[in-house]
Amino acid sequence: CPEDFKRMELEPLPLMTLDFLQILSEVCEQCYLKGSLYERNNKLFQKCVFFLTGAKLVLFGSSKNGFGFKQSDLDICMTLEGQDTAEGLDSMAVIESLAKALRKHHSLRNILPITTAKVPIVKFYHTKTGLEGDISLYNTLALHNTQLLASYAAIDARVKILCYVMKVFAKVCDIGDASRGSLSSYAYTLMVLYFLQQRSPPVIPVLQEMYVGEKKPVVLVDGWDVHFFSDLKNLHKYWPGYKKNKESVGQLWFGLLQFYTETFDFKETVVCIRRIEPLTTFKKQWTSKHLAIEDPFDLSHNLGAGLSRRMASFIMKAFINARRVFGAPVRDFPPEYPNKMEYF
Ligand code: ATP
Ligand code: MG
């Protein structure tokens with residue numbers, strides 16, 4: 001269990017100096033500036049994607065949420081004109097015929113329909129941009145969670161940097177591929193947002209708990225409430241914590257590593273960004289899971305459900321190592337990296 005691991009392997013760290021925190025901030029900022037993607041616009045989208053009559057294609061995921069890599073895949077949601085939901089739709093047949101249509105497009109390769117997944121998709125590779133992509137059908141909740149993540153990203157520049165750094169960390173440590181039994185980028189992003197909400201003072205509010213007026217509105221999509229406060233221009237009026245947290249990115253990055261290795265109790269608590277009050281694994285009846293991360297809209301969905309005990313320990317080990325590596329200054333730089341920033 002990740003909890004036993006923590007007790008076994010945590011070693012004491014030296015006190016952080018201001019100089020070191022400054023370097024840590026620069027490392028995080030440089031990492032973000034070098035590889036991040038601002039937002040993919042429709043021009044690229046239209047270049048990449050072909051015309052299909054009756055089909056509406058919308059980009060979501062990291063092309064739109066503010067935490068993308070330049071090489072991030074294209075996540076596309078397809079809906080059909082005149083049909084609001086997937087109800088009554090033969091998804092398998094639509095996916096198969098979509099794959100057939102894509103095969104006729106000369107700049108697309110490796111077209112692969114996957115009909116066994118929870119949300120059926122067609123994967124493809126676009127030769128002109130070198131980007132991979134997938135098209136899913138009526139993945140409506142994902143469009144909403146992309147908007148929610150994009151709103152958090154828009155509140156504070158530190159959110160974007162930290163979510164981005166976390167994704168880089170997950171990729172470098174090989175703990176960020178859900179199709180190979182670890183956690184998705186999306187799950188890591190939720191972990192960062194949760195930490196930023198729980199920080200004292202918080203860096204971001206809980207947008208799903210905020211509303212204007214007397215009663216919290218309920219907006220149902222696929223049976224789940226997707227309401228969140230989106231009037232960010234007026235956030236300062238409705239959120240007393242606005243701009244109260246003044247920590248640097250370096251402080252927060254190290255704080256995050258400490259939070260998930262020293263403070264957060266994976267056995268007892270669910271990573272849950274929709275409310276400020278702690279949510280227990282007992283209440284969710286997710287006690288048998290090693291790591292519980294609740295989707296902010298689909299509350300029955302635990303993003304950590306597929307983790308094996310081994311993988312959960314592997315992820316925890318990566319966090320423990322990162323706490324050690326980022327928690328103490330590097331004394332000796334290898335001779336081939338006289339410039340410290342280059343080394344990082
Ligand atoms: P990357 O840059 O690694 O592609 P991403 O944010 O696009 O990051 P993906 O794993 O490609 O992450 O997922 C794309 C989007 O699909 C997410 O932003 C989220 O909206 C949705 N999504 C992904 N995994 C899940 C999941 N397990 N449950 C619910 N929604 C998910
Ligand atoms: Mg993606």
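**Exercise 1.** In this predicted model, work out whether arginine 180 counts as buried or exposed.

*Solution.* Start with the value: arginine 180 has a relative accessibility of 53%. Next, recall that exposed means over 50%. Arginine 180 therefore counts as exposed.

**Exercise 2.** Find out which side chain meets arginine 180 in a salt bridge, and how exposed that partner is.

*Solution.* First, a general idea: side chains of opposite charge can pair when their charged atoms come close. Now look at the pair itself: the side chains of arginine 180 and aspartate 177 meet at 3.6 Å, N to O. A salt bridge needs these atoms within 4 Å, and this pair forms one. Aspartate 177 is partly exposed, at 26% relative accessibility. Finally, widen the view: Asp174, Asp177 and Arg180 are linked in a network of salt bridges.

**Exercise 3.** Decide whether glutamate 294 and arginine 274 are buried or exposed, and say where they sit along the chain.

*Solution.* Begin with the contact: glutamate 294 and arginine 274 form a salt bridge, with the closest N and O atoms 2.7 Å apart. The pair joins distant parts of the chain, 20 residues apart. Glutamate 294 lies in the loop between helix H10 and helix H11, while arginine 274 lies in the loop between strand E10 and strand E11. Both residues are buried.

**Exercise 4.** Name the protein donors of the magnesium ion (ligand 2) and give the accessibility of each.

*Solution.* The donors are Asp73 (OD) and Asp75 (OD), 2.1 to 2.2 Å from the ion. Aspartate 73 is partly exposed, at 29% relative accessible area, whereas aspartate 75 is buried, at 12%.

Conventions:
Residues numbered from 1 in each chain as written. Chains lettered and ligands numbered in written order. Predicted model: local features only at pLDDT ≥ 70, side-chain atom pairs only at ≥ 80, totals over all residues. Heavy atoms only, no water. Donors = N, O, S within 2.8 Å, 3.2 Å for Na, K, Ca; no water. Buried < 20%, exposed > 50% of the residue type's maximum accessible area, 1.4 Å probe, protein only. Helix = DSSP H or I, 4+ residues; strand = E, 2+ residues; numbered from the N terminus.
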